[in-house]
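Reader: I am new to this one. Could you take me through it and show how each label is earned?

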Amino acid sequence: MEVIGPIIAVAVIVFVALFVSIFVIEEGVRRGIRKARADERAENAEYERWEAEEDAV
């Protein structure tokens with residue numbers, strides 16, 4: 001019976017760690033997606049400027 005307390009404590013710590021890591025991973029994925037979208041928009045804008053310069057010539 002004396003063993004149950006530490007086992008429950010370890011189980012709670014593991015559960016909390018997994019729960020927090022899920023949110024950390026999710027936020028990392030969201031930041032990565034936002035950065036990829038921003039990079040794509042910047043690349044598209046650069047291409048549009050290049051295309052406009054070519055049309056002006």
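Author: Gladly! Of the 57 residues of the protein chain, 0% count as buried. Keep in mind that this is a predicted model.

Reader: What makes the protein chain more spread out than a compact globule?

Author: Start with its make-up: 1 helix and 0 strands. The radius of gyration is 25 Å, well over the 10 Å that the globule rule gives for 57 residues, so the chain is more spread out than a compact globule. Its C-alpha atoms fill a box of roughly 85 × 5 × 5 Å along the principal axes.

Reader: Why is phenylalanine 23 called partly exposed?

Author: Phenylalanine 23 sits in helix α1, residues 4-56. Its relative accessibility is 45%. Buried means under 20% and exposed means over 50%, so phenylalanine 23, at 45%, counts as partly exposed. Phe23 also helps make a nonpolar surface patch of about 870 Å², along with residues including Ile4, Phe15 and Val24.

Reader: And why does arginine 31 count as exposed?

Author: The cut-off for exposed is over 50%, and arginine 31 has 55% relative accessibility, so it counts as exposed.

Reader: How do you know that arginine 31 forms a salt bridge with glutamate 27?

Author: The rule asks for a side-chain nitrogen of Lys or Arg within 4 Å of a carboxyl oxygen of Asp or Glu. For arginine 31 and glutamate 27, the closest N and O atoms are 3.7 Å apart, a salt bridge. Glutamate 27 also meets arginine 34 in a salt bridge, at 3.4 Å from N to O. Shared partners join Glu27, Arg31 and Arg34 into one network.

Conventions: Residues are numbered from 1 along each chain as its sequence is written. This is a predicted model: local features need pLDDT of at least 70, side-chain atom pairs count only at pLDDT 80 or more; totals for chains, interfaces and linings use all residues. Side-chain values use heavy atoms; hydrogens and water are left out. Patches are made of residues with over 30% relative accessible area and no salt bridge: like charges are joined within 9 Å, nonpolar side chains (Val, Leu, Ile, Met, Phe, Trp, Tyr) within 5 Å. Accessible areas come from the Shrake-Rupley method with a 1.4 Å probe; for residues, only the protein chains shown count as cover. Helices (H or I, at least four residues) and strands (E, at least two) are DSSP runs, numbered from the N terminus. Buried means under 20% relative accessible area, exposed over 50%, partly exposed in between (1.4 Å probe, protein chains only). The radius of gyration is taken over C-alpha atoms; the globule rule is 2.2 Å times the number of residues to the power 0.38.
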